[in-house]
Amino acid sequence: MQGVEIHDLHPQGYLSFDLKHILQCLHADVVCRHWLCESVECLGESAQELEGLAQSGNTVAGEEFIAIATRTHQVIWGTFKGRLPHEQQSTLTIKAIDSSQWEVFGEQACLTKIQATFKDVRPARYAEDDQSY
């Protein structure tokens, strides 16, 4: 899959967005998928719920994923893999990397939405290595 990195920064030097903003940008592409959350570390009202999903290995519907992410203040680490019901592998992957950047891997239409919404978007330096779930 093709990918991009998002580096939008607040004037004080920290990221100016989080998972909820990426999901909002890709809303139609998120709600139609089921999501697997892996290796999540986060802060906020629903932090325990999001981290619990990752620990359980259970998938979550797109609308519920958005609702949980909306109540999360900051995702520090995490990989979020979205798969359409008829697909065998994930076709949309979102990664948080140490609160310093986000990566999105998917179809060009999704990446174009990211590029149109965020200011500092660069080609991903690394390929998405595991699409399975």
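This is a chat about aromatic pairs, a pocket and two backbone angles in a predicted model.

User: How many aromatic pairs are there in this one?
Analyst: The count comes to three aromatic pairs, with ring centres required to lie within 6.5 Å of each other.

User: OK, take F17 and F118. Why is that pair called tilted?
Analyst: The ring planes of F17 and F118 stand at 55°, with the centres 5.0 Å apart, so the pair is tilted; planes under 30 degrees apart would count as stacked and those over 60 as edge-to-face.

User: And where do F17 and F118 lie?
Analyst: F17 belongs to the loop between β1 (2-6) and α1 (19-25), while F118 belongs to the loop between α5 (108-117) and β7 (121-123), so the pair ties together parts that are 101 residues apart in sequence.

User: Are F17 and F118 buried or exposed?
Analyst: Both F17 and F118 are buried.

User: What about F65 and F80, how far apart are the ring centres?
Analyst: For F65 and F80 the centres are 5.6 Å apart and the planes are at 35°, so this pair is tilted. F65 sits in helix α4 (residues 62-70) and F80 in strand β4 (residues 72-83), so the contact ties together parts that are 15 residues apart in sequence. F65 and F80 are buried.

User: Which residues make up the cluster with F65 and F80?
Analyst: The cluster consists of W35, F65 and F80, which are linked by ring pairs.

User: Switching to pockets: how much space lies in the largest pocket?
Analyst: The largest pocket holds about 180 Å³ of space, and its lining includes Y14, L15, S16, F17, D18 and H21, along with H73, Q74, V75, S99 and W102. F17, one of these lining residues, is also the partner of F118 in the ring pair discussed above.

User: Which element gives the most to that lining, and what is the mix of residues?
Analyst: Strand β4 gives the most to the lining of the largest pocket, with three residues, and the lining as a whole divides into five nonpolar, five polar and one charged.

User: You listed S99 there. What is its phi?
Analyst: S99 has a positive phi of about 55°, although this residue is not a glycine. S99 is placed in the loop between β5 (92-97) and β6 (101-106), and its relative accessibility of 26% makes S99 partly exposed.

User: Which strand does S39 lie in, and what is its phi?
Analyst: S39 lies in strand β2 (residues 34-44), and S39, likewise not a glycine, has a positive phi of about 50°.

User: Is S39 buried or exposed?
Analyst: S39 is exposed, with a relative accessible area of 59%, where the cut-off for exposed is over 50%.

Terms used. Residues are numbered from 1 along each chain as its sequence is written. This is a predicted model: local features need pLDDT of at least 70, side-chain atom pairs count only at pLDDT 80 or more; totals for chains, interfaces and linings use all residues. Side-chain values use heavy atoms; hydrogens and water are left out. Rings of Phe, Tyr and Trp (its six-membered ring) pair if their centres lie within 6.5 Å; planes under 30 degrees apart count as stacked, over 60 as edge-to-face and the rest as tilted. Helices (H or I, at least four residues) and strands (E, at least two) are DSSP runs, numbered from the N terminus. Buried means under 20% relative accessible area, exposed over 50%, partly exposed in between (1.4 Å probe, protein chains only). On a 1 Å grid over the protein atoms alone, a cavity is a set of points where a 1.4 Å probe fits but cannot get out, and a pocket is an open set with protein on both sides within 12 Å along at least five of seven lines; lining residues have an atom within 4 Å of a point. Grid points are joined across faces, edges and corners, and a volume is the space filled by probe spheres set on the points. Ala, Val, Leu, Ile, Met, Phe, Trp, Tyr, Cys and Pro count as nonpolar, Asp, Glu, Lys and Arg as charged, and the others, Gly among them, as polar.
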